[in-house]
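This report concerns the surroundings of a bound ligand and the packing of two helices.

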Amino acid sequence: MAVSYSFVAFFNSISSSYSSSFSKPSLGSLKPHYGLRVDSKNSSRRLVLSCSSSHMDSNSDTMDIGQTQVSSTAPFGLTMSEANMSRSSCKWQRVLLKVSGEALAGDRAQNIDPKVTMSIAREVAAVTRLGIEVAIVVGGGNIFRGSSWAGSSGLDRSSADYIGMLATVMNAIFLQATMESIGIPTRVQTAFRMSEVAEPYIRRRAVRHLEKGRVVIFAAGTGNPFFTTDTAAALRCAEINAEVVLKATNVDGVFDDDPRTNPNARLLDTLTYQEVTSKDLSVMDMTAITLCQENNIPVVVFNLSNPGNISRAIKGERVGTLIGGTRNSMAART
Ligand code: UDP
């Protein structure tokens with residue numbers, strides 16, 4: 001026990017040095033929803049699980065380890081048994097949420113809509129409090145899309161794409177600030193080094209953050225030009241052994257035709273990877289969908305703007321379009 005605790009305390013002290021301290025942004029009338037209680041003590045689920053019941057104080061949720069009081073609650077104030085119960089009812093335990101830049105822009109009055117980032121933060125809080133591990137890949141299309149700018153005033157494609165990747169870092173830092181303002185411990189990892197603002201991407205460190213109940217936001221895409229953040233989502237999902245890519249968009253899912261021009265376009269419930277590629281459905285770019293197919297990663301495409309959709313998708317409820325997976329037979333469409 002002592003060994004295990006010292007390791008966690010040591011790890012916490014190392015990793016907390018990377019955490020950014022944000023003052024609470026002013027978000028108008030928006031107020032934090034959750035009475036979150038987050039500290040380095042109760043975010044350590046591994047440590048709590050390894051304690052024997054004889055160490056527990058029967059009158060409280062805390063236990064003594066040496067001179068340190070350690071909470072026996074899971075992140076966000078649930079007891080471990082509550083967290084385990086809720087966790088087991090969810091289809092996915094570790095998810096990769098892809099949020100496009102366009103989705104962050106909301107009604108597009110500005111590049112980023114704070115109401116959107118706050119609603120994402122609240123949704124993510126709702127699932128992380130169940131013990132679900134959430135990693136996020138953010139896009140940057142609301143600020144800069146390399147392919148659209150390449151060629152203008154001599155801007156080569158690689159340089160344009162690096163600017164696009166920098167745009168994703170801006171979104172990631174904004175999202176992190178919003179998350180932390182409502183008490184969700186969050187780390188940003190960038191695919192290329194920007195050590196003053198974020199950690200570099202280190203796979204094992206990312207996994208460790210997730211295990212400790214922290215949300216990890218992956219920024220700067222894959223770190224390589226000529227790729228997209230959809231591909232980054234598929235890649236990171238495979239690397240961290242997440243079970244699903246949840247692609248949050250501005251539409252309800254994948255349609256058999258463009259719903260903006262065809263009012264009779266049907267929302268498709270499930271699709272195979274082959275159907276996506278052969279019908280050239282514009283869900284994800286080909287590299288991303290192929291990576292998902294090769295690694296058997298299902299993709300759920302759903303509308304971010306419907307409240308509750310992120311948690312519905314994670315719980316395996318029938319939301320949006322599922323690619324490359326099977327629905328729970330009992331799952332009802334909501
Ligand atoms: N980008 C890149 N490599 C990557 C990911 C992104 O070069 O691995 C650049 C590319 O220029 C892209 C921009 O970053 O246009 C923003 O990413 P993306 O278009 O995927 O964002 P989204 O459409 O999700 O908002």
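The ligand shell is described below, followed by the helix contact.

This is a predicted model, in which local features need pLDDT of at least 70 and side-chain atom pairs count only at pLDDT 80 or more, while totals for chains, interfaces and linings use all residues. Residues are numbered from 1 along each chain as its sequence is written.

**Ligand shell.** The ligand is surrounded by 25 residues (C-beta atom, placed from the backbone, within 6 Å). The closest are Gly 139, Gly 141, Gly 146, Gly 164 and Gly 221. At least two shell residues come from each of α4 (101–105), α6 (146–149), α7 (157–181) and α9 (229–239); helices are DSSP runs (H or I, at least four residues) numbered from the N terminus. Helix α7 gives the largest share, six residues.

**Helix contact.** The axes of α5 and α7 (lines fitted to C-alpha atoms over the stretch in contact) lie 9 Å apart at an angle of about 55 degrees. Helix α5 is therefore oblique to α7 (not under 35, over 145 or 65 to 115 degrees). Contacting residues (C-beta atoms within 7 Å) are Thr 117, Met 118, Ile 120, Ala 121 and Val 124 of α5 and Phe 174, Leu 175, Thr 178 and Met 179 of α7.

The table gives the residue classes, with Gly counted as polar.

| Site | Nonpolar | Polar | Charged |
|---|---|---|---|
| Ligand shell | six residues | 15 residues | four residues |
| α5 with α7 | seven residues | two residues | no residues |

**Met 118.** Helix α5 (residues 114–128) contains Met 118. Met 118 counts as buried because it has 22 C-beta neighbours inside 10 Å (the cut-off is 20 or more). Met 118 and Leu 175, 57 residues apart in sequence, are 8.1 Å apart in space, C-alpha to C-alpha.

Conventions. A residue is buried if 20 or more other C-beta atoms lie within 10 Å of its own, exposed if 12 or fewer, and partly exposed in between; C-beta atoms are placed from the backbone. Axes are lines fitted to C-alpha atoms, for helices over the stretch in contact, and angles run from 0 to 180 degrees between N-to-C directions. Two residues are in contact if their C-beta atoms, placed from the backbone, lie within 7 Å.
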